Amino acid sequence: MKKISFSRTELQVAPLCLGTVNYGSALPEKDAIRQLDEYVSLGGNFIDTAHIYGDWQPGDGPLSEITIGKWLKGRNDRQSLVISTKGAHPRMQAMEIPRCGNQDIQKDLDDSLSKLNTDYVDLYFLHRDDPRRPAGEIVEFLEEKAREGKIRYYGCSNWKLSRLQEANEYARSHGLHGFVCNQLMWSLAEINFDGLADKSFILMDKPTYRYHAETGLNVMAYMSVAKGYFPRRYQGETLPSSVTDVYQNSANDQIYRLLSKACEASDCTITDYTLRYFMEGHPFPAVPIASFDNSQQLREGMRSIDAGVDPEVMAQVTACKSF
């Protein structure tokens, strides 16, 4: 599998990142470990998790990191893998209280390394921001962790564009590396922000896209398949309000019609178009994060990497979006 070179790093990553939000919880540990094995056997090397995944209630523990750590412990290919995790997320019961102080970051990072059974994280994200802190202070602390060898590179997730710019401008002016990747909500589907239950999510928009185009900053897209909105609709499934509230709109109606017509006339699937969207023509490296419930879904997702989607259809679909 041809890998993508992340700009300003030595990272070579698979075009599809394996999401692990449900590992050890909705997806039992044994099944999750089997999925990790299959993903790697299909050529994948990019695995994303977070310290909050599986730790939704006090005492649950970071089940996703624990599961990945058990899998890593029995392998000898750590250097060929790119492990991404996130820390500094507020407590779920107190989302309004930031946890982005140095002590919070240190605690989460050390615990992540322990649970993952690894000495370092290839790509470490701050899962949320604390806008009360100067971004430069945070960058300096992350640089310290990089010098200690605990992280190779660092990025941000769900940070406002202005704060991302503040952090990387500070890094540039002080000769530091700065954030090398931005992880945010982005998909082929247009998103109804008002329909989101979690208003702390940061979405890809026109100004953010322009910033990435100008700087070449890498992007990882979570909820990249839009909760399966297009393929589930194509299969005639009755979608729950948690999906329709976020994705039902006129732009997506138009995208759906184009995708349906294209897939009826070719061997490509809607999933192929949904994932290939990130691999087609962006002026910066863009990698979708996708989670899978079973082996069939994983194989379909990995097959999409090499799917020969119609470029004219992709252009038409993209034109329906707001940026």
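Student: In this predicted model, which residue in E9 is the bridge partner of Gln183?

Tutor: That's Met220. Gln183 sits in strand E8, residues 181–185, and E9 covers residues 218–222.

Student: What makes E8 and E9 a pair?

Tutor: Pairing takes at least two bridges, and E8 and E9 have 5, in the parallel sense. So they qualify.

Student: And how do you know that E7 pairs with E8?

Tutor: Same test: strand E7, residues 151–157, is joined to E8 by 2 bridges, and the two run parallel. At least two is the cut-off, so that counts as pairing. Looking at E7's Cys156, its partner in E8 is Asn182.

Student: What links these strands along the chain into β-α-β units?

Tutor: Helices. Helix H5, residues 161–173, goes with E7 and E8 in a right-handed unit, and helix H6, residues 206–215, does so with E8 and E9.

Student: Why is E8 called largely enclosed?

Tutor: Buried means under 20% relative accessible area, and 5 of its 5 residues are buried, so the rest of the structure largely encloses E8. Both faces are covered: Cys181, Gln183 and Met185 on one side, Asn182 and Leu184 on the other.

Student: How do you know that Cys156 isn't in a disulfide?

Tutor: The closest cysteine sulfur, in Cys181, is 8.2 Å away. A disulfide needs the sulfurs within 2.5 Å, so that's too far for a bond.

Student: What about Cys17?

Tutor: Cys181 again has the closest sulfur, at 9.2 Å, which is also too far. The disulfide count comes to 0.

Student: Why is Cys17 called buried?

Tutor: Its relative accessible area is 0%, and the cut-off is under 20%, so Cys17 is buried.

Methods. Residues are numbered from 1 along each chain as its sequence is written. This is a predicted model: local features need pLDDT of at least 70, side-chain atom pairs count only at pLDDT 80 or more; totals for chains, interfaces and linings use all residues. Side-chain values use heavy atoms; hydrogens and water are left out. Buried means under 20% relative accessible area, exposed over 50%, partly exposed in between (1.4 Å probe, protein chains only). Helices (H or I, at least four residues) and strands (E, at least two) are DSSP runs, numbered from the N terminus. A crossover is right-handed if, with the strands pointing away from the viewer, the path from the first strand over the helix to the second runs clockwise.
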